[in-house]
Amino acid sequence: MSVEQPTIIYTLTDEAPMLATHAFLPVIETFAEAAGINVETCDISVAARILAEFGDHLAEAQRVPDNLAELGRLTQLPDTNIIKLPNISASVPQLLAAIKELQAHGYGIPDYPENPKSDEETAIKDRYTKCLGSAVNPVLREGNSDRRAPRAVKEYARKHPHSMGEWSPASRTHVAHMRHGDFYNGEKSMTVDGDREVKMELLTTGGETIVLKPKVSLTDGDVIDSMFMSKKALIDFYEDEMEDARKTGMMFSLHVKATMMRVSHPIVFGHAVKVFYKDAFAKHGELFDELGVNVNNGLSDLYAKIESLPASKREEIVDDLHRCHENRPELAMVDSARGISNFHSPSDVIVDASMPAMIRAGGKMYGADGRQKDTKAVSPESTFFRIYQEMINFCKTNGAFDPTTMGTVPNVGLMAQKAEEYGSHDKTFEVPEAGVANITDLATGEVLLTQNVEEGDIWRLCIVKDEPIRDWVKLAVARARNSGMPVVFWLDPYRPHENELITKVKTYLLDHDTEGLDIQIMSQVRAIRYTMERLIRGLDTISATGNILRDYLTDLFPILELGTSAKMLSIVPLMAGGGLYETGAGGSAPKHVKQLLEENHLRWDSLGEFLALAVSLEDLGIKTGNKKATVLAKTLDAATGKLLENDKGPSRTTGELDNRGSQFYLAMYWAEELAAQTEDEELRAHFVPLAAALAEKRDTIVGELNDVQGNPVDIGGYYAPDADLTTAVMRPSTTFNDTLAAARG
Ligand SMILES: NC(=O)C1=CN([C@@H]2O[C@H](COP(=O)(O)OP(=O)(O)OC[C@H]3O[C@@H](n4cnc5c(N)ncnc54)[C@H](OP(=O)(O)O)[C@@H]3O)[C@@H](O)[C@H]2O)C=CC1
Ligand SMILES: O=C(O)CCC(=O)C(=O)O
Ligand SMILES: [Mg+2]
C-alpha cells in the first residue's frame, strides 16, 4: 500500500456494508479517477483477519497480508485518509462459523481450540483471540471521535419523521443495574506521576503470587483505574432481578456489549444464563463441564455441545432447560418466530443499539409470542446504565420524543489510543483465586492501586493517556466554536476515574480561548436531564463523553432523532494529522444480509458512506491542494442533499428501491452537480455526458435494479463470499454498469 499519490483507502468489511461496497466502489472510482485520486481497497473483514493471522497454515497462493496492522501503521502518518466501514466484532460463535466457512473454502486453518489441551493449542487459541471482538476499531481509532447529524440529514428527519412508539406514563419498563459490587463501586483511580512500568499481580490468600500481566507501560499524566466486579454480587443481583421480574410479571432482557468488552462481558453474560437455568446446571453441571459447555458463548453453545449425546440424554437436558422457564420470568426474544431468546448468543443483543431501539419502541421488546411488551432491562454495570433510566423516566413524563421538533445531540468522544474500558481487554482477568489484586511498579515495588478480590471476580486495569485527553478537550472547544452549541462534559465527580478527568478537563480548557462559549461539566444523570430538557425545546447540545458513553450516545440520540445511527457523520481526526472517516455510527446489520439472501433486497442505507466520502475528499483537497477533490466533495454533498430531498434512500420493502437504487441516484445527482458547477471546467466537461446518460437511462436502470428482487440469491458464503458472485448480485443493471464504464478513461 502506498500513500504517495493522493489516495483514499476504502476498507472492505463484512455483512451489509461489504455488500453495499461491491456496488458503490465502481461509482466512487469513476468519480475519483477524474480528479486523479487513487482509491485503494483494504480487506479487514473478520475472514481476512483470520487468514492474515494463519498464513503459516496456508498455501502460498492463499496467503493475505496483515492489512489491519498496515492500516494501524498508516494512522501514524499525516497524509493518511481512510474510509472505515463498520465491521463484525466477532463473538466466539461467529468466529467458529467463519473458521468453518473458510475451511470449507479449502483454507487449511486450524480448528478453534476452545479448551486447549497443549501449549500448541493454547498458542492457536491466543492467535484466534486476536480476531475476536472489537479488534479493528481500537487499532484504527488513533484519534478522538466527532459524530453528528449533518444539517441536511436532520432536516430530512424533521420533514419525514420515522415511526416512534408511544410512551405511556403507565409503562412498567425500567432499568435494573447493580448497586454494589460492580465496577463503578469498586473503582480506584489515579493520575500517574512520571513514566512507569507496572505489573498486574494477584497475591492469593494461599500465599501464592500470580502475575496476570507482567508489564504495562505508562507515561506521565496517564489516568489509570483498577476496578472489579464481584461474582457473588453479580449472581445475587441476577437472582434478585429475575425473581422480581417473575413475581411482578415483567419480561426480562439483558443488555451487554460482549463484542467490544470482549473479555468481561461474555463472563457477565454467561453468569446470567447460568443463574436463569440454575436448576438445570445444578443437575447436569458436571456433564456440561465434561462436554466443555461454555455459556459465555450463549445457550447456543450448550445446545451445540449436547448434540453429541444420545437422544434420550439430550431430551432429558432439553426438558430440564424448558422446566427452568416455569420458575423464571419471560425472556425477551431476538427472533420469536425461531425461538431465539436474548440468551442464545452474546452478540445478538448489543446495548448501544438494543436500548435505543427499545426506547424508540415506547419501552417495548418482543416476547416469545411475538408481541411487544414492557421489559425489565438488565445490565449489571451501573456506571453508565443510569442514563437509560433517566430517559425512560423522561419519556414516561413527557411522552415519546418528536423527531419533527426535537433538537440534536452531537458527540465528542474520548476514544484515542484505546481509551478507558474499551481498551482494557488485554488487562482484564477472571480472578482465579481470592486475594489481593495489585497494580505494582516494576522498578520500585510500590503498589499503586490495590483491591481485595474473590475467585471469579472480574478485575481490570483501564488506561486513558494524557495526550488524548488534551486532544479531546481541544476537539470539544473547536466543535463548540464551529457549531455555536453548548458543550456538556458528562463526568461524574463521584466516580474516581472521572474525578481525575474533571481536573484535567478544567486544566486543559485553560489552553483555549473559550470566551463566549458555553462549556459545562455535569454528572451523567444531570447531563442527560439537561440535554433532554433542551432537546424537546428544539435546542442542540454537544455531549463530550468518555469512550463508552460515546458509543452509547451516538446510537441513542441518532436512533431517536433520525431513526438510525447510519445517517451520522462520524469523523476521527487522527492525532498524527490524518483522517479516519467512519461511515455512520452503527454496525454491520446482519438482518439486512438475510433479507438480501432470501429476497435479493438490500435495505442498507449507504448514506454514511456518502457523508464520509465527502469529508474524506474535502480533507484530501485541503491537504494535497487538489482543487478537483474539493469540487468533488462539494458536489457530493449537494448530491447527498438532493438524494434526501427527493427521498431516494433505500426502502425496507422488497421490490422497491434498495441500496443499489439509492446508489444509482447518488451517482446521477453527483454527475449532475458536477456538470452544473463552474469551478472546474475539466470536471464539468467530463461529467456532462455521464449526467446526461444517467438521466436518460434512469427508468431503465431503476427498472433493472428493482426487477431482480424477490428471489433468493447465492453469493457463495457469509464471512468470505465469492467476489464475483457478490458483484453479480450487487450490480445487476447492465445499463448502469455500461454507462459507468463508458465514463471511465
Ligand atoms: N463501527 C463498527 O465497526 C461497528 C460495528 N458493529 C458490529 O456490527 C454488528 C451488528 O451490530 P448491532 O448492534 O446488531 O447493530 P447494527 O447497527 O448493525 O444493527 C442495528 C439495526 O440498525 C439498523 N441499521 C444499522 N445500520 C444501518 C444502515 N446503514 N442502514 C439501515 N439500517 C441500519 C438496522 O435496523 P433494521 O433491521 O430495523 O433495518 C439494524 O438491524 C456486530 O458485529 C457489531 O459488533 C456495531 C457498531 C459499530
Ligand atoms: O467496535 C465495535 O465493536 C463497535 C463500535 C461501536 O459500536 C461504535 O463505535 O459505535
Ligand atoms: Mg456503537
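**Tour: two annotated arginines and helix H9**

Start by selecting Arg147: 26 other C-beta atoms lie within 10 Å of its own, so Arg147 is buried. Keep in mind that this is a predicted model.

Arg147 sits in strand S4, residues 145-148. Now show its contacts, leaving aside neighbours within four places in sequence. You should find Pro410, Asn411, Thr554, Met568, Leu569, Ser570 and Ala585.

Next, add Arg550. The "binding site" annotation in the unreviewed UniProt entry covers Arg147 and Arg550. They are spread over 404 residues of sequence, yet they cluster in space, with a largest C-alpha distance of 8.8 Å.

Colour helix H19, residues 547-562; Arg550 lies there. Arg550 is buried, because it has 26 C-beta neighbours inside 10 Å and 20 are enough. Beyond four places in sequence, its contacts are Ser145, Asn411, Gly413, Leu414, Met415 and Thr545. Asn411 is in contact with Arg147 and also with Arg550.

Move on to helix H9, residues 231-248. Its 18 residues should span 26 Å at 1.5 Å a residue, and the end C-alpha atoms are indeed 26 Å apart.

Select the buried residues of H9: Lys231, Leu234, Phe237, Tyr238, Glu241, Met242 and Ala245. They cover an arc of only 125 degrees around the axis, so they are on the same side of H9. Lys232, Lys247 and Thr248 are exposed on the other side.

What do the buried residues of H9 pack against? Show strands S5 (174-176), S9 (223-229), S10 (251-254) and S14 (372-378), plus helix H10 (264-276).

Last stop: Gly249, just after H9, with a positive phi of about 70 degrees.

Methods. Residues numbered from 1 in each chain as written. Chains lettered and ligands numbered in written order. Predicted model: local features only at pLDDT ≥ 70, side-chain atom pairs only at ≥ 80, totals over all residues. UniProt positions renumbered as here; feature names shortened; annotations may be inferred. Helix = DSSP H or I, 4+ residues; strand = E, 2+ residues; numbered from the N terminus. Buried ≥ 20, exposed ≤ 12 C-beta atoms within 10 Å, placed from the backbone. Contact = placed C-beta atoms within 7 Å. Expected span 1.5 Å × (residues − 1). Arc of directions from axis to C-beta.
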